[in-house]
Amino acid sequence: MAPSAPRTRAAAALRMKQITLDNQDRTIRRLRAQLATERRGLAATKKELEETQVALEASHKVIAGLTEIGLSMSKKIEKMKVKKHQVRANHVECHQKFQARIHEAEDSMQAQHLLIEALVDEKDSLLQTIHGLQEANNAPAPFDGDWEEEPEEEPEEEESEDIPLGEGEIDDE
């Protein structure tokens with residue numbers, strides 16, 4: 001095979017790694033946008049919980065006041081006790097739901113943070129690999145426009161290297 005074949009393979013490998021880096025950059029940007037959205041949603045949920053707690057506290061004060069006023073009417077007192085119990089049960093249920101949503105959002109943010117860290121580490125590793133390959137091949141930086149296309153030669157049958165399926169494919173999702 002011609003001496004240009006290793007350089008061509010190395011250039012192709014560099015291009016594939018650059019494509020992988022670009023895909024990871026897009027994924028990181030998308031995950032950061034999702035993380036920001038999750039944070040905004042978490043802030044809105046926390047604000048709703050605070051507003052609900054204030055409203056429930058006000059409701060409890062009203063119930064207490066009405067109970068003191070209505071001591072003479074036992075039937076109304078019983079209705080107020082039932083209502084108070086229902087409000088408390090709803091408060092506990094709402095509080096548990098909001099806490100579950102907050103925990104889910106926090107877990108999601110933590111998972112996304114770990115994923116972003118892993119992607120950044122892999123990106124750094126790929127950049128080091130690319131730099132190492134460039135130094136090893138004394139090649140200029142990829143995609144700088146100075147590359148010249150060499151005429152394609154017919155590869156000899158015994159020296160050709162097959163690339164297994166699945167390697168180097170780009171996942172757009």
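This is a short walk through one protein model, from its overall make-up to single residues.

The model is predicted. In terms of secondary structure, the protein has 2 helices and 0 strands. Its chain has 173 residues, and 18% of them count as buried. The accessible surface is about 13300 Å², with 53% of that area belonging to carbon and sulfur atoms. As for contacts between residues at least 6 apart in sequence, 86% of them join residues at least 24 apart.

Now the helices. H1 covers residues 4-69, and H2 covers residues 74-137. What span should H2 have, and what does the model give? With 64 residues at 1.5 Å a residue, the expected value is 94 Å, and the end C-alpha atoms of H2 are 93 Å apart, so the two agree. After H2 comes Asn-138, which has a positive phi, near 50°.

Next, the contents of the core. The largest nonpolar core has 7 residues: Leu-35, Leu-42, Leu-49, Phe-98, Ile-102, Ala-105 and Met-109. Two elements, H1 and H2, each give two or more residues to this core. Which of them gives the most? That is H2, with 4 residues. As background, nonpolar side chains in soluble globular proteins tend to be buried together.

Two residues let us look at this region in detail. Take Leu-42, a member of the core. Leaving aside residues up to four places away in sequence, Leu-42 touches Ile-102, Ala-105, Glu-106 and Met-109. Of those partners, Ile-102, Ala-105 and Met-109 are themselves listed in the core.

The other is Thr-45, which lies in helix H1. Is Thr-45 buried or exposed? Its relative accessible area is 8%, so Thr-45 is buried, the cut-off being under 20%. With the same exclusion of residues up to four places away, Thr-45 touches Phe-98, Arg-101 and Ile-102. Phe-98 and Ile-102 are again names from the core list.

On to charges. How many salt bridges does the structure hold? There are 2.

One of them pairs Lys-123 with Asp-25, and the closest N and O atoms are 2.9 Å apart. Lys-123 sits in H2 and Asp-25 in H1, so this pair ties together parts that are 98 residues apart in sequence. Both ends can be placed by accessibility. Lys-123 has 24% relative accessibility and therefore counts as partly exposed. Asp-25, at 21%, also counts as partly exposed. The cut-off for buried is under 20%.

The other salt bridge is between Glu-93 and Lys-97, with the closest N and O atoms 3.1 Å apart. Why are these two separated by about one helical turn? They are 4 residues apart in helix H2, and that spacing is why. Glu-93 is partly exposed, at 39% relative accessibility. Lys-97 is partly exposed as well, at 49%. For Lys-97 the upper cut-off matters, because exposed means over 50%.

Last, the surface. Val-62, Leu-66 and Ile-69 make a nonpolar patch of about 310 Å². Val-62 belongs to helix H1.

To recap: the predicted model has 2 helices and 0 strands. H1 and H2 both contribute to the largest nonpolar core, and the salt bridge between Lys-123 and Asp-25 also ties H2 to H1. The Glu-93 and Lys-97 pair lies within H2.

Conventions: Residues are numbered from 1 along each chain as its sequence is written. This is a predicted model: local features need pLDDT of at least 70, side-chain atom pairs count only at pLDDT 80 or more; totals for chains, interfaces and linings use all residues. Side-chain values use heavy atoms; hydrogens and water are left out. Buried means under 20% relative accessible area, exposed over 50%, partly exposed in between (1.4 Å probe, protein chains only). Contact means heavy atoms within 4.5 Å. Accessible areas come from the Shrake-Rupley method with a 1.4 Å probe; for residues, only the protein chains shown count as cover. The expected span of a helix is 1.5 Å times one less than its number of residues. A salt bridge is a side-chain nitrogen of Lys or Arg within 4 Å of a carboxyl oxygen of Asp or Glu. A nonpolar core is a set of buried Ala, Val, Leu, Ile, Met, Phe, Trp, Tyr and Cys residues joined through side-chain atoms within 4.5 Å. Patches are made of residues with over 30% relative accessible area and no salt bridge: like charges are joined within 9 Å, nonpolar side chains (Val, Leu, Ile, Met, Phe, Trp, Tyr) within 5 Å.
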